[in-house]
Amino acid sequence: MGTTSESGAADLLTLEELTSRVGMSVRNVRFYTTKGLVPPPIRHGRSGYYSDDHVARLELVRELQGHGFTLSAIERYLAAVPDEATPEQIALHRTMLAPWQAEATETMTHAELATRAGRGLEDDDVALLVALGIGRRRSGSDLLDVTPTQLTVGLGLLDLGFPTAAATAAAEVYARHGRQVAEELNELFRTVVWPAYKEAGASAETVREVVERIKPLSISSLVAAYEAAMDQTRREQIRARADRAGRGSTAG
């Protein structure tokens with residue numbers, strides 16, 4: 001934590017120290033302050049200083065930006081964060097925003113992706129890989145963020161002629177239901193998990209550790225539930241076809 005020469009401003013940050021700490025420009029910090037996304041600086045005489053609360057809120061803004069939130073969406077999100085929230089509690093929001101499965105990606109050009117694949121890739125081939133979620137196009141760029149561990153699976157589907165339209169439709173299904181699951185689990189955490197730990201006097205750091213530990217369990221539970229549902233759906237479809245066949249033979 002930076003210190004200042006002015007009396008009463010010890011352990012606070014100057015604007016320069018703040019921008020260095022959070023990796024933002026002076027202009028951006030002042031813009032977010034004007035928008036009310038962070039509190040105004042703490043005044044000591046004619047100088048303004050910043051606390052851990054300013055740091056935590058600016059880091060949350062930066063995290064939200066990294067997830068593609070628009071300014072209006074960031075404003076709505078921060079409006080729900082209580083003014084009296086501690087820096088540790090604000091950090092919990094960043095923990096919940098962090099990716100739940102750390103799949104390493106590599107940034108590649110089309111040519112580099114083809115080299116990694118060991119084959120020529122047409123634009124339609126790349127479109128399928130993107131639709132499958134194996135590659136993600138960078139906005140305003142020809143670069144792709146590719147998950148190498150899934151590339152072999154994608155190339156196998158290319159060889160099998162998997163339709164891009166089906167991959168796109170499936171991605172929409174995953175996104176729609178994934179959002180519903182995320183919203184319900186987040187609500188469960190907010191109304192049941194967090195209050196229980198808060199009542200027990202647990203620190204925010206303890207709650208963050210709980211979130212980190214539960215991530216892989218949640219993912220495996222979702223996979224298991226999906227597999228069970230698919231098996232059940234197949235059994236029901238087989239039974240329905242058998243019933244229709246039976247009725248057809250009886251009618252004949």
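In the predicted model, helix H7 (residues 123-131) lies across strands E4 and E5, and its direction runs at about 105° to that of E4. The two strands contacted by H7 belong to an open sheet of three strands, ordered E3-E5-E4 and paired in the antiparallel sense. Strand E3 (106-108) and strand E4 (135-137) occupy the edges; each has a single partner strand, so one side of each is left without a neighbour in the sheet. On average, and with direction ignored, neighbouring strands of this sheet are turned by 30° against each other. A second helix, H6 (residues 110-117), also packs on the sheet, where H6 touches E3 and E5. The direction of H6 makes about 115° with that of E3. Strand E5 is thus a contact of H6 and is likewise crossed by H7.

The pairing of E4 with strand E5 (residues 144-146) is antiparallel and extends over three bridges. Within this pairing, Gly135 has Val146 of E5 as its bridge partner.

A nonpolar patch on the surface is formed by Val181, Leu185, Leu188, Val192 and Leu222, which together present about 390 Å² of accessible area. Helix H9 (residues 164-199) makes the greatest contribution to the patch, supplying four residues. Val181 is located in H9, whereas Leu222 is found in helix H10 (residues 204-251). Both of these residues were examined individually for accessibility. Leu222 has a relative accessibility of 44% and therefore counts as partly exposed. For Val181 the relative accessible area is 31%, and this residue is also classed as partly exposed, because the partly exposed class lies between the limits of 20% and 50%. With respect to Leu113, Val181 is 68 residues away in sequence, and the two C-alpha atoms are separated by 33 Å in space.

A buried position is provided by Asp53, a residue of helix H3 (residues 52-66). The relative accessible area of Asp53 is 16%, and Asp53 is assigned to the buried class because that class comprises values under 20%. When residues up to four places away in sequence are not counted, Asp53 touches Pro39, Ala85, Pro87 and Ile90. Asp53 in H3 is thus buried, in contrast to the partly exposed Leu222 and Val181 of the surface patch.

Conventions
Residues numbered from 1 in each chain as written. Predicted model: local features only at pLDDT ≥ 70, side-chain atom pairs only at ≥ 80, totals over all residues. Heavy atoms only, no water. Pairing = 2+ DSSP bridges. Axes fitted to C-alpha atoms, helices over the stretch in contact; angles between N-to-C directions. Contact = heavy atoms within 4.5 Å. Patch = residues over 30% accessible without salt bridge, like charges linked within 9 Å, V, L, I, M, F, W, Y side chains within 5 Å. Areas by Shrake-Rupley, 256 points an atom, 1.4 Å probe, with all protein chains shown as cover. Salt bridge = Lys/Arg side-chain N within 4 Å of Asp/Glu carboxyl O. Buried < 20%, exposed > 50% of the residue type's maximum accessible area, 1.4 Å probe, protein only.
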